[in-house]
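Reader: Could you walk me through this one, starting with whatever I need to know to read its polar contacts?

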Amino acid sequence: MNESLKGTVLLVDDDPAVAKVLGALLTQAGLTTHAARDGQEALALLASKPVDVVVSDVRMPGMDGLQVLAEVSRGWPDVPVILLTAHGTVPLAVEAMKAGAADFVLKPFDREEILFTVRKALLRAQGEEARQQARPTGGFIGRSRPMADVQAVLAKAAAGTATVLLRGESGTGKELAAKAVHDGSPRREGPFVKLHCAALPDTLLESELFGYEKGAFTGAATRKPGRVELAHGGTLFLDEVGDISPAVQVKLLRVIQERELERLGGTQTVKVDVRFVAATHQPLEERVKEGRFREDLFYRLNVVPVWLPALRERPDDIEPLALHFLEVHAKTNGRPPFTLTPDGLAALRAQPWPGNVRQLQNFLERLVVLSDTQVLGGQEVLNELARQPGLSPAPTSTLPVSAASPSSELQAAPTADSARTLESQRKEMERQAMTDALRRAGDNRTLAARLLGISRRTLYNKLEEYGLL
């Protein structure tokens, strides 16, 4: 790999020699590196420095690599983890992938292979950040008729073997639905492997799906199974399948039809026993007409279509969702229980929530951390709505009188400061938002980034820009 990489990698290895050699390789490629000798030191570094990717040895005294993976997934879900192991078998890879690992590399590692793997993780992390993937909530919540219908269809689909295509807007819970299909199926004891198809360019997506043989390309230092093989006996979830290129569509069609594949650079046919669940927010019928998506692949995927309704189509679910998220985020952030008043609920119901459940969840997490009171009424909701881009206080006619009275901040008349440039006002408000989030989060920068709805990397860049580091 000749192109320069950008980002920060945290190396976790109890052998200083390995960390030194690997650090030198990554630094030469343009990356910034930090080193930790054990898991505890790694977690401390993650809490204090911006990190894009973690590369951890599996066999270490004390906290091993899988435990490091679990802690990073819990505390920094946007940071991918690559595992280094001298015992790299497919079963270990399946265990690591099920636990959330981005990838694994065998020791002794090849220079091109480790750079290739880190590049994939960086690209995947950027794709995850772009779509602001929410953490799983543990199950569907709602009492509306549309969600009851969806759950009934998912339960029937889970009992069979047919391919399921999940449709709907971003943030409606398609990954949660895919997991529900897997957990309700006879394959529940097998692996549930997921791949976000829009996060990787074609060349990397193909190798991720189908695997590769040693020497297939620069960086392929050893044979590597793809996600299809890793899902053998279980379920493969292909998120944003509507974004894959025609070239990859052809190969995916063959796997779905024949249940066999060839790794990149290989000639041997590999049989696989995999159930496919795909998801997309794209209008696939239109893409078929435009020639951008193969019609035969569409029909192979669309055996059991399931449409997940937007949140605005199921307003009755806003109350149970809000109460659930308030409870979860209060516990997570060490806050006492919160109460949502009727006018507070009315303010939430009046919002269109274009980002659906994911946007509601993120909004309520910010409200939990930033609120000075445990009783959330219409005014508290409106104040937070006014601070969030893409959200705005609802028209007063839609709210009870107690919730419709705007705060003194919103009523203030224009002043001479209105003459300042838009850019200077934006920067001042942005700096104030950073300061406020850090104060509310007790200077926990990971939590502050979540409150602001940005990545840790973006937060660190902004803090440096405004001299707040």
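Author: Happily! A polar contact is a pair of N or O atoms within 3.5 Å, where within protein one must be able to donate a hydrogen and the other to accept it. Please keep in mind that this is a predicted model.

Reader: Thanks! What is the mean pLDDT of the protein?

Author: Confidence varies along the chain, and two stretches deserve some care. pLDDT stays under 50 over residues 130–138, and likewise over residues 395–419. Across the protein, 86% of the residues reach 70 or more, and the mean pLDDT is 83.

Reader: How many helices and strands are there in the protein?

Author: Some context helps here. Buried residues make up 51% of the 469 residues, and among contacts with a separation of 6 or more, 73% join residues 24 or more positions apart. The elements counted in the protein are 21 helices and 14 strands.

Reader: Let's zoom in on Asp52. Is Asp52 buried or exposed?

Author: Asp52 sits in the loop between helix H2 (39–48) and strand S3 (53–57). Beyond four places in sequence, Asp52 touches Gly7, Thr8, Val79, Pro80, Leu122 and Arg457. Buried means under 20% relative accessible area. Because the relative accessibility of Asp52 is 16%, this residue counts as buried.

Reader: Which residue has its backbone nitrogen 2.7 Å from a polar atom of the side chain of Asp52?

Author: One of the residues that Asp52 touches is the partner here. The cut-off for a polar contact is 3.5 Å. At 2.7 Å from a polar atom of the Asp52 side chain lies the backbone nitrogen of Thr8.

Terms used
Residues are numbered from 1 along each chain as its sequence is written. This is a predicted model: local features need pLDDT of at least 70, side-chain atom pairs count only at pLDDT 80 or more; totals for chains, interfaces and linings use all residues. Side-chain values use heavy atoms; hydrogens and water are left out. pLDDT is the predictor's confidence in each residue, from 0 to 100. Contact means heavy atoms within 4.5 Å. Helices (H or I, at least four residues) and strands (E, at least two) are DSSP runs, numbered from the N terminus. Buried means under 20% relative accessible area, exposed over 50%, partly exposed in between (1.4 Å probe, protein chains only).
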